[in-house]
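Student: Please take one part of this structure and examine it closely. I should like a single connected account that begins at its core and then follows its surroundings outward.

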Amino acid sequence: MEQSDAMTTIAVVIPSRNDAPMLETCLAHLAAQSRPADRIIVVDNASTDNTAAVCAAAGVHRIYWPVPGVAGASACGFDAAGTDILARVDADSRPAPGWLARVEADLAESGPLSLVTGPRDFYGGPKLVCWLGRTMYLGGYFHVVGFLLGHPPVFGSNYAMTADVWARLSPAVTRDNRALHDDLDVSYLLRPDMSAMYDAGLRMPVSARPFASWGTLGMRLVMAWGTFRHEFRAEPPLRRRGARRQWAHANPR
């Protein structure tokens with residue numbers, strides 16, 4: 001892929017497992033970006049479909065990650081990026097043409113230890129289900145989890161961070177637990193001097209398939225609770241919030 005003339009370089013990481021048709025559409029959307037990615041990395045998470053052929057046809061870099069689990073697959077992609085900005089989408093994401101340009105502008109404004117995330121718009125389901133998913137499910141995620149963290153959490157299908165952030169988080173992220181939400185793990189591991197920015201205009205269409213049944217929705221909620229139990233054992237939430245308040249008080253912006 002051609003490298004952008006911009007001063008910064010951007011890699012887009014896409015963990016994918018048996019999602020070849022949606023991945024093909026996602027890659028087409030990334031190919032249409034007004035600010036092209038310098039690298040697109042698909043982490044093939046032990047797929048048994050034609051994911052490899054889709055990657056070859058699109059001319060993107062494919063890494064095979066044999067251990068099932070999005071946390072390990074995402075981390076593998078970030079480790080291999082080698083760029084100034086690491087962006088993250090899922091195979092069912094459909095980024096608008098200006099998505100990467102907005103990511104780059106947001107992070108340039110926020111500074112070297114920053115992340116940016118935005119909302120999702122669901123497609124492929126009944127209108128009521130998509131509305132409830134956007135307002136109740138995702139709205140609850142940003143408000144409730146954001147209150148707990150003291151900053152916006154990142155959303156796995158739609159976020160980006162600077163390489164400096166990943167260099168510090170990488171040793172601590174969980175890579176071997178397939179029942180872990182990787183975006184919650186990254187959000188909780190953010191240190192007090194790191195800023196997480198929520199850009200309401202950085203929208204991302206994603207599939208409504210998490211709401212296909214009570215079983216799929218329930219599985220995601222169970223994973224969320226399990227992720228928090230994992231994080232709370234390492235660092236209790238009140239202690240974490242206290243550390244962020246102390247740092248903010250000592251380092252006013």
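Tutor: Two strands are said to pair if DSSP finds at least two bridges between them. With that criterion in hand, the strand to begin with is β1, in what is a predicted model. β1 is joined to β2 by 6 bridges, and the two strands run parallel. Within this pairing, Ser 16 stands opposite Asp 44 of β2. β1 is also joined to β4 (residues 85–88), again in the parallel sense, by 4 bridges. Here Val 13 stands opposite Arg 88 of β4.

The surroundings of β1 can be described residue by residue. A residue counts as buried when its relative accessible area is under 20%. By that cut-off, 7 of the 7 residues of β1 are buried, so the strand is largely enclosed by the rest of the structure. The burial concerns both faces of β1: Ile 10, Val 12, Ile 14 and Ser 16 are covered on one side, and Ala 11, Val 13 and Pro 15 on the other. Two residues already named for their pairing thus reappear here on opposite faces, Ser 16 on one and Val 13 on the other.

β1 belongs to an open sheet of 7 strands, arranged in the order β3-β2-β1-β4-β7-β5-β8, with mixed pairing. The edges are occupied by β3 (61–64) and β8 (195–198); each has a single partner strand, so one side of each is left without a neighbour in the sheet. From one strand to the next, the twist averages 20 degrees.

Beyond β4 in this order, the sense of pairing changes. β4 and β7 run antiparallel and are joined by 4 bridges, with Ile 85 opposite Thr 162 of β7. β7 (residues 159–162) in turn pairs with β5 in the antiparallel sense, over 3 bridges, and in that pair Thr 117 stands opposite Tyr 159. Like β1, β7 is covered on both faces: Tyr 159 and Met 161 are buried on one side, and Ala 160 and Thr 162 on the other.

The end of β5 leads to a glycine that merits attention. Gly 118 lies in the loop between β5 (114–117) and β6 (120–123). Its relative accessible area is 0%, and Gly 118 is therefore buried. In sequence, Gly 118 and Tyr 159 are 41 residues apart, yet their C-alpha atoms lie 6.8 Å from each other. Leaving aside residues up to four places away in sequence, Gly 118 touches Phe 142, Phe 155, Asn 158, Tyr 198, Asp 199 and Leu 202. One of these contacts, Tyr 198, falls within the edge strand β8 (195–198).

On the other side of β1, the account turns to helices. α2 lies across β2 and β3, and runs at about 170 degrees to β2. The axes of α1 (residues 20–31) and α2 (residues 51–58) come within 9 Å and cross at roughly 15 degrees. Angles under 35 degrees count as roughly parallel, and α1 and α2 are therefore described as roughly parallel to each other. Their crossing is right-handed. At the contact, Ala 20, Leu 23, Glu 24 and Leu 27 of α1 meet Thr 51, Val 54, Cys 55 and Ala 58 of α2. These residues divide into 6 nonpolar, 1 polar and 1 charged.

The loops that precede these two helices each contain a residue with a notable backbone angle. Most residues other than glycine have a negative phi. Asn 18, in the loop between β1 (10–16) and α1, departs from this with a positive phi near 55 degrees. Ala 46, in the loop between β2 (39–44) and α2, likewise has a positive phi, of about 60 degrees, although it is not a glycine. The two residues are not covered to the same extent. Asn 18 is partly exposed, with a relative accessible area of 34%, whereas Ala 46 counts as buried at 13%.

In summary, β1 is a largely enclosed strand with parallel partners in β2 and β4. The sheet continues with antiparallel pairing from β4 to β7 and from β7 to β5.

Definitions and conventions:
Residues are numbered from 1 along each chain as its sequence is written. This is a predicted model: local features need pLDDT of at least 70, side-chain atom pairs count only at pLDDT 80 or more; totals for chains, interfaces and linings use all residues. Side-chain values use heavy atoms; hydrogens and water are left out. Buried means under 20% relative accessible area, exposed over 50%, partly exposed in between (1.4 Å probe, protein chains only). Contact means heavy atoms within 4.5 Å. Axes are lines fitted to C-alpha atoms, for helices over the stretch in contact, and angles run from 0 to 180 degrees between N-to-C directions. Angles under 35 degrees count as roughly parallel, over 145 as roughly antiparallel, 65 to 115 as roughly perpendicular and the rest as oblique. A crossing is left-handed if the near helix is turned anticlockwise from the far one by less than a right angle, and right-handed if clockwise. Ala, Val, Leu, Ile, Met, Phe, Trp, Tyr, Cys and Pro count as nonpolar, Asp, Glu, Lys and Arg as charged, and the others, Gly among them, as polar.
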